[in-house]
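Colleague: Hi! Could you walk me through this model before I head back to the bench?
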Amino acid sequence: MDMTALYKLSCGLYVITTVDGGRGVGCVVNTVTQVTAAPVQVMVAVNKENFTAGAVQRAGRFAVSVLAESAPMELIGRFGFRSSRDEDKFEGLKAVEFKALPCPAEHVNAALVCRVKETVDAGSHLLFIAEVEDAETLSQEPSMTYAYYHQVKKGLTPPKASSYQAAAPAPAAGRWQCSVCGYVYEGEELPAGFACPVCGQGAGAFKKL
């Protein structure tokens, strides 16, 4: 089977957020699909291992922020390669509340607030089928597609993403790979105090290729 054929499916990049224990939590997903028009319902797939999946189950509500093409890798890395279990992803981030749910305030072109109607166990992921309570267009900037993220931003696929495929090892001198997100640093040695620009992990998370 040619697994790369699945790359041709049209996907976007979205930040799913909710409130858990009085704080905002969230993660990046690439699977948000409108499934009905009356009522307006969407389906969102979130990896079971993501802290956000359990938080959405507990809250019964979540927000979808549609990332625009201007979204920097720092924002994607913050929500896509770190865990709300270990840190506050909204700390130091400009954010807004949309119907009492926190959302990134910048590099987002639309936001939806959804109430979970049904949860389907799909193996590695939970599928949340939710009714859209409110929606707002925030800018006319193009949405970031998954293809744009890979081809222009040179982004990597998080291991918990529904489309993740393990890359074949490519040993090479003077290259270091982050064991968390897969980012590759080129250089004979890692600089002092080095941190991954995608997921924020320190030098200890890097292995020489």
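Modeller: Happy to. One term before we start: two strands pair if DSSP finds at least two bridges between them. And keep in mind that this is a predicted model.

Colleague: Okay, so which residue in β12 is the bridge partner of Cys-178?

Modeller: That's Phe-206. β10 and β12 pair in the antiparallel sense, over three bridges.

Colleague: What's the strand order in that sheet?

Modeller: It runs β11-β10-β12, an open sheet of three strands with antiparallel pairing. β11 (184-186) and β12 (206-208) are at the edges with a single partner strand each, so one side of each has no neighbour in the sheet. On average, neighbouring strands here are turned by 30° against each other, direction ignored.

Colleague: Phe-206 again: which cluster of rings is it in?

Modeller: Ring pairs link Phe-206 with Tyr-185 and Phe-194 into a cluster.

Colleague: And how many aromatic pairs are there?

Modeller: Five. One of them is Phe-62 with Phe-128: the ring centres are 6.5 Å apart and the planes are at 50°, so this pair is tilted. Phe-62 lies in strand β5 and Phe-128 in strand β9, so the pair ties together parts that are 66 residues apart in sequence.

Colleague: Are those two buried or exposed?

Modeller: Both Phe-62 and Phe-128 are buried.

Colleague: Why do you call the Tyr-185 and Phe-194 pair tilted?

Modeller: Because their planes are at 55°, with the ring centres 5.0 Å apart. The tilted class covers planes from 30 to 60 degrees. Tyr-185 and Phe-194 are buried too.

Colleague: Switching to the nonpolar cores. Which residues have the most contacts inside the largest one?

Modeller: Leu-13, Leu-67, Tyr-149 and Phe-206, in a core of 26 residues. α2 (73-80), α3 (146-151) and β10 (175-178) each supply at least two residues of this core. The largest share, four residues, comes from α2. There is also a second, separate core of 20 residues, and Val-46, Val-56, Phe-62 and Val-66 are among them.

Colleague: Val-56 is in helix α1, right? Which residues of α1 are buried?

Modeller: In α1 (residues 51-59), the buried ones are Phe-51, Thr-52, Ala-53, Gly-54, Ala-55 and Val-56.

Colleague: What do they pack against?

Modeller: Quite a list of strands: β1 (14-20), β2 (23-29), β4 (40-47), β5 (61-67), β8 (108-121) and β9 (125-137). Just after the helix α1, Gly-60 takes a positive phi of about 75°.

Colleague: Which residue lies over the face of Phe-51?

Modeller: Arg-58 does, at 5.5 Å from the ring centre.

Colleague: Now hairpins. Which residue in the turn between β6 and β7 has a positive phi?

Modeller: Lys-99, with a phi of about 55°; the hairpin has two residues between its strands. Four bridges join β6 (residues 95-98) to β7 (residues 101-104), and the two run antiparallel. Within that pairing, Glu-97 has Pro-102 in β7 as its bridge partner.

Colleague: Last one: is Ala-37 buried or exposed?

Modeller: Ala-37 is exposed, because its relative accessible area is 59%, and exposed means over 50%. Ala-37 is found in strand β3 (residues 32-37). From Ala-37 to Glu-131 the C-alpha to C-alpha distance is 9.9 Å, although they are 94 residues apart in sequence.

Colleague: Great, thanks for the tour!

Note on methods:
Residues are numbered from 1 along each chain as its sequence is written. This is a predicted model: local features need pLDDT of at least 70, side-chain atom pairs count only at pLDDT 80 or more; totals for chains, interfaces and linings use all residues. Side-chain values use heavy atoms; hydrogens and water are left out. A nonpolar core is a set of buried Ala, Val, Leu, Ile, Met, Phe, Trp, Tyr and Cys residues joined through side-chain atoms within 4.5 Å. Buried means under 20% relative accessible area, exposed over 50%, partly exposed in between (1.4 Å probe, protein chains only). Axes are lines fitted to C-alpha atoms, for helices over the stretch in contact, and angles run from 0 to 180 degrees between N-to-C directions. Contact means heavy atoms within 4.5 Å. Rings of Phe, Tyr and Trp (its six-membered ring) pair if their centres lie within 6.5 Å; planes under 30 degrees apart count as stacked, over 60 as edge-to-face and the rest as tilted. A charge sits over a ring if NZ of Lys or CZ of Arg is within 6 Å of the ring centre and within 35 degrees of the ring normal.
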